[in-house]
Amino acid sequence: MRSRRRIVVQLGLAVALLVVGALTYLLFRPRVLLGFLVADQMGLGPMVDHWREAASRWQLPEFVVYCLPNGLWAAAWVLIADGLFRHHPRCTRLLWAAAIPTLGVASELMQGMGLLPGTFDWMDLLCYAAPYAIYIAIPGNSV
């Protein structure tokens, strides 16, 4: 029972991190990004615009708007992977948990080398890597 409760809490936290990251993206990032095209195609554009208007009086720090969502999404994946592979050996859990953080770090590095469109940002790189580094540091998760 304790294990089941842990996974429910873990997945609930992962969903909360995904939602907070998505809302930060949708409410405070420029409307020209791909996520807005997806929202428009799903018929959610007017609702997103209404939410953006309501949130327009808030001024969040650039780090929160542009970097933190990456870390939230990476952390959510680490929690999901840990939950999905909780009965597997540590090396398997570590391998799967590394997937999204590794892709994020790689995309930042490729942006820095001009191989991928976008702007390299050290803080983005840190936000992608930190959840995995913390996961590794938790006793019982290291190799």
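Guide: Before we start: contact here means heavy atoms within 4.5 Å. And keep in mind that this is a predicted model.

Visitor: Got it. Which residues of α6 meet which residues of α7?

Guide: On the α6 side you have L95, W96 and A97, and they meet A99, I100 and P101 in α7. By class, that contact has six nonpolar residues, with no polar and no charged ones.

Visitor: And at what angle do α6 and α7 pack?

Guide: About 40°, with the axes 4 Å apart. Helix α6 covers residues 90-97 and α7 covers 99-112. The two are therefore oblique to each other, since angles under 35 degrees would be needed to count as roughly parallel.

Visitor: What about α5 against α7, how do their axes cross?

Guide: At roughly 150°, coming within 8 Å. That makes α5 roughly antiparallel to α7, because the cut-off for that label is over 145 degrees.

Visitor: Which residues make the contact there?

Guide: A74, W77 and V78 from α5, and A99, I100 and P101 from α7. Here too the class split is six nonpolar, no polar and no charged.

Visitor: Staying on α5, is D82 buried or exposed?

Guide: Buried: D82, which lies in α5 (residues 68-84), has a relative accessible area of 5%; under 20% counts as buried.

Visitor: What does its side chain touch?

Guide: The side chain of D82 has a polar contact of 2.7 Å with the side chain of Q10.

Visitor: And L84, buried or exposed?

Guide: L84 is in α5 as well, but L84 counts as exposed, at 54% relative accessibility. Its C-alpha atom is 8.6 Å from that of I7, and the two residues are 77 apart along the chain.

Visitor: Switching to α3. Which residues are buried there?

Guide: In α3, residues 45-55, the buried ones are G45, V48, R52 and A55. Seen down the helix axis they fall within an arc of 90°, so they line one face of α3.

Visitor: Why would residues spaced like that point the same way?

Guide: An α-helix has 3.6 residues a turn, so residues three or four places apart point the same way.

Visitor: Nice. What covers that buried side?

Guide: The cover over the buried residues of α3 includes α1 (2-28) and α2 (34-41).

Visitor: Which exposed residues sit on the face turned away?

Guide: P46, H50 and E53 are the exposed residues on the face of α3 turned away from its buried side.

Key:
Residues are numbered from 1 along each chain as its sequence is written. This is a predicted model: local features need pLDDT of at least 70, side-chain atom pairs count only at pLDDT 80 or more; totals for chains, interfaces and linings use all residues. Side-chain values use heavy atoms; hydrogens and water are left out. Axes are lines fitted to C-alpha atoms, for helices over the stretch in contact, and angles run from 0 to 180 degrees between N-to-C directions. Angles under 35 degrees count as roughly parallel, over 145 as roughly antiparallel, 65 to 115 as roughly perpendicular and the rest as oblique. Ala, Val, Leu, Ile, Met, Phe, Trp, Tyr, Cys and Pro count as nonpolar, Asp, Glu, Lys and Arg as charged, and the others, Gly among them, as polar. Buried means under 20% relative accessible area, exposed over 50%, partly exposed in between (1.4 Å probe, protein chains only). The arc is that of the directions from the helix axis to the C-beta atoms. A polar contact is a pair of N or O atoms within 3.5 Å; within protein, one must be able to donate a hydrogen and the other to accept it, and residues adjacent in sequence count only if both atoms are side-chain atoms.
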